[in-house]
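Welcome, and please bring your viewer along. We will go from one selection to the next, with a short comment at each stop.

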Amino acid sequence: MDDLAAQLDLDPIQVRLLNYADKDPDTGQPWSSKSLKQCYARGAELFGWNKRNPKAGQTRQGKLLVGYGMATASYPVHNSQGNARVRLYADGHAVVQAGATDLGTGTYTIITQVAADALGLAPDKVRFELGDTNLPSTPVSGGSNAAGRVSSSVYVAAQDLWQKLIKVAVMDAKSPLFRAKPADVAVIQGRLHLKADPSKGEAFGELMKRGNMTDLEGDGVGRYGSSYEDPLATANAEPTKKDHAAEHSMHAFGAHFCEVQVDPDLGTVRVTRWVGVHAAGRILNPKTARSQIIGGGIMGIGAALMEQTVRDPHLARYTNASLADYHVPVNADIPDMTVEFIDEHDPYINAMGVKGIGEIAIVGVAAAVSNAIFHATGRRLRDLPMSPNKVLAALRVPA
């Protein structure tokens, strides 16, 4: 895309907007949601893209060549299913269980938050248990699946629990909701009440204690492809049935903006500014999500500029199999990184509207760095990592 923009003398964002896909080009299906235009606009604003000299190789800071580059990020939502169990106690605490994993990306935190919100409890009243095959089954954490799958299954389990409690309330002669239709009862912050008259209701603890219920359990199945506006549809969905969600293509999107400084004498490249804006459905925890996007960006910068495995041609063994020889970015290699998210509502993706961000953070990062190097030097590098020897070789070739 950047090559095309340069050859047509167009701005790299403009050429992307001219070719913007309102439907999935591979399938012809509409997107379940797509906020890529907003990512472009916000990223360009934060980065100061309008200050970019359109001519490559024309911007300098002292002897250093300066370049602006950008790239698009897109990652599909993979179909998956998860299971969860929620047990609510009359004394006001809960235990939530799912056979998930926390790879350090914050699964403990976000699922505790989701459960606390769904149950109307303070987070310190919720204990989330994971990492055990005896717990409700959840597939491997991979493909950006974990957050959406586990949060959805926990949310649906909470709804299952509330439906059971509502049935108890409408049959309890001492309850303010006695003989009400279950469909007319809502639950907000742990309180059951009539939708038409919120003053008429009671807290779950009162209902459970009056019925001598120490605890109650709800189970949930979370799948991609069910509307979080109707969580019960998720619980009843048939995995092989092509429902309304199957008519949509589901992707997360984003845009990376990068500034580099290239030393023409040494061939070194330093990333001096970075902006990433992503649209990935509902963001469950902005702090942990920001950290994950930063981590993906750093890994992408490492792949672009320094990470390379070297194999012995005779023994087929890696010769740089330790961090002493395999170079990864350190703090001094990375600038302050600006990360923002577009507030995106996706009614089809899953019960929580979560797309996941595990992979989208790194997609397109190396391309943004490469495009910035081209803008700085007027030379296109296509082989990773774009190390100093390759930069110097490219600079020796006439434009």
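Start by selecting Ile110, Ile111, Val114, Ala115, Ala118 and Leu119 in helix 4, which meet Ala147, Val150, Ser151, Val154, Tyr155, Ala158, Gln159 and Trp162 in helix 5. Sorted by class, the residues of this contact of helix 4 with helix 5 are twelve nonpolar, two polar and no charged. What you have open is a predicted model, so please read each stop of the tour with that in mind.

**Stop 1: helix 4 and helix 5**

Keep both helices on screen: helix 4 covers residues 107–119, and helix 5 runs over 146–170. How do their axes lie relative to each other, in distance and angle? They come within 9 Å and cross at roughly 25°. Because angles under 35 degrees count as roughly parallel, helix 4 and helix 5 are roughly parallel to each other. Their crossing is right-handed.

**Stop 2: the whole chain**

Now zoom out and show everything. The chain has ten helices and twelve strands, and its C-alpha trace spans about 90 × 50 × 40 Å along the principal axes. Of its 399 residues, 51% count as buried. If you draw the accessible surface, you are looking at about 19400 Å², with 51% of that belonging to carbon and sulfur atoms. A contact map is a good companion here: among contacts with a separation of 6 or more, 73% are between residues 24 or more positions apart.

**Stop 3: helix 8 and helix 9**

Next, select residues 286–305 for helix 8 and 365–377 for helix 9. The two axes come within 8 Å and cross at roughly 55°, and helix 8 and helix 9 are therefore oblique to each other. Helix 8 passes helix 9 in a right-handed crossing.

Show the side chains as sticks. On the helix 8 side of the contact are Gly296, Gly297, Gly300, Ile301, Ala304 and Leu305, and they meet Val365, Ala366, Val369 and Ile373 of helix 9. By class, this contact of helix 8 with helix 9 holds seven nonpolar, three polar and no charged residues.

**Stop 4: a cis peptide bond**

Follow the chain on from helix 9 to proline 385, in the loop between helix 9 and helix 10 (388–396). Which residue is joined to proline 385 by a cis peptide bond? The partner is leucine 384, and omega is about -5°.

**Stop 5: two residues with positive phi**

Colour by phi if your viewer allows, then pick glutamine 189. Its phi is near 50°, a positive value in a residue other than glycine. Glutamine 189 sits in the loop between strand 6 (185–188) and strand 7 (191–194), and is exposed, with a relative accessible area of 55%.

Then move to asparagine 212, in the loop between helix 6 (204–210) and strand 9 (215–223). Phi of asparagine 212 is near 55°, again a positive value in a residue other than glycine. Is asparagine 212 buried or exposed? With a relative accessible area of 70%, asparagine 212 is exposed.

**Stop 6: glycine 143**

Go back along the chain to glycine 143, in the loop between strand 5 (126–129) and helix 5. Glycine 143 counts as buried, at 17% relative accessibility. Which residues is glycine 143 in contact with, leaving aside neighbours within four places in sequence? Select Tyr75, His78 and Glu359 to see them. For a distance label, try valine 95: its C-alpha atom is separated from that of glycine 143 by 27 Å, with the two positions 48 residues apart along the chain counted as their separation.

**Stop 7: arginine 127**

Valine 95 comes up again here. Arginine 127 lies in strand 5 and touches Ala94, Val95 and Val96, not counting residues up to four places away in sequence. At 46% relative accessibility, arginine 127 counts as partly exposed. Add a label from arginine 127 to isoleucine 357: they are 230 residues apart in sequence and 24 Å apart in space, C-alpha to C-alpha.

**Stop 8: leucine 4**

Finish with leucine 4, in helix 1 (residues 2–8). Leucine 4 is partly exposed, with a relative accessible area of 38%. A last label can run from leucine 4 to proline 313, 309 residues away in sequence and 37 Å away in space, C-alpha to C-alpha.

Terms used:
Residues numbered from 1 in each chain as written. Predicted model: local features only at pLDDT ≥ 70, side-chain atom pairs only at ≥ 80, totals over all residues. Heavy atoms only, no water. Axes fitted to C-alpha atoms, helices over the stretch in contact; angles between N-to-C directions. Helix = DSSP H or I, 4+ residues; strand = E, 2+ residues; numbered from the N terminus. Parallel < 35°, antiparallel > 145°, perpendicular 65-115°, else oblique. Left-handed = near helix turned anticlockwise from the far one by under 90°. Contact = heavy atoms within 4.5 Å. Nonpolar A, V, L, I, M, F, W, Y, C, P; charged D, E, K, R; others polar. Buried < 20%, exposed > 50% of the residue type's maximum accessible area, 1.4 Å probe, protein only. Areas by Shrake-Rupley, 256 points an atom, 1.4 Å probe, with all protein chains shown as cover.
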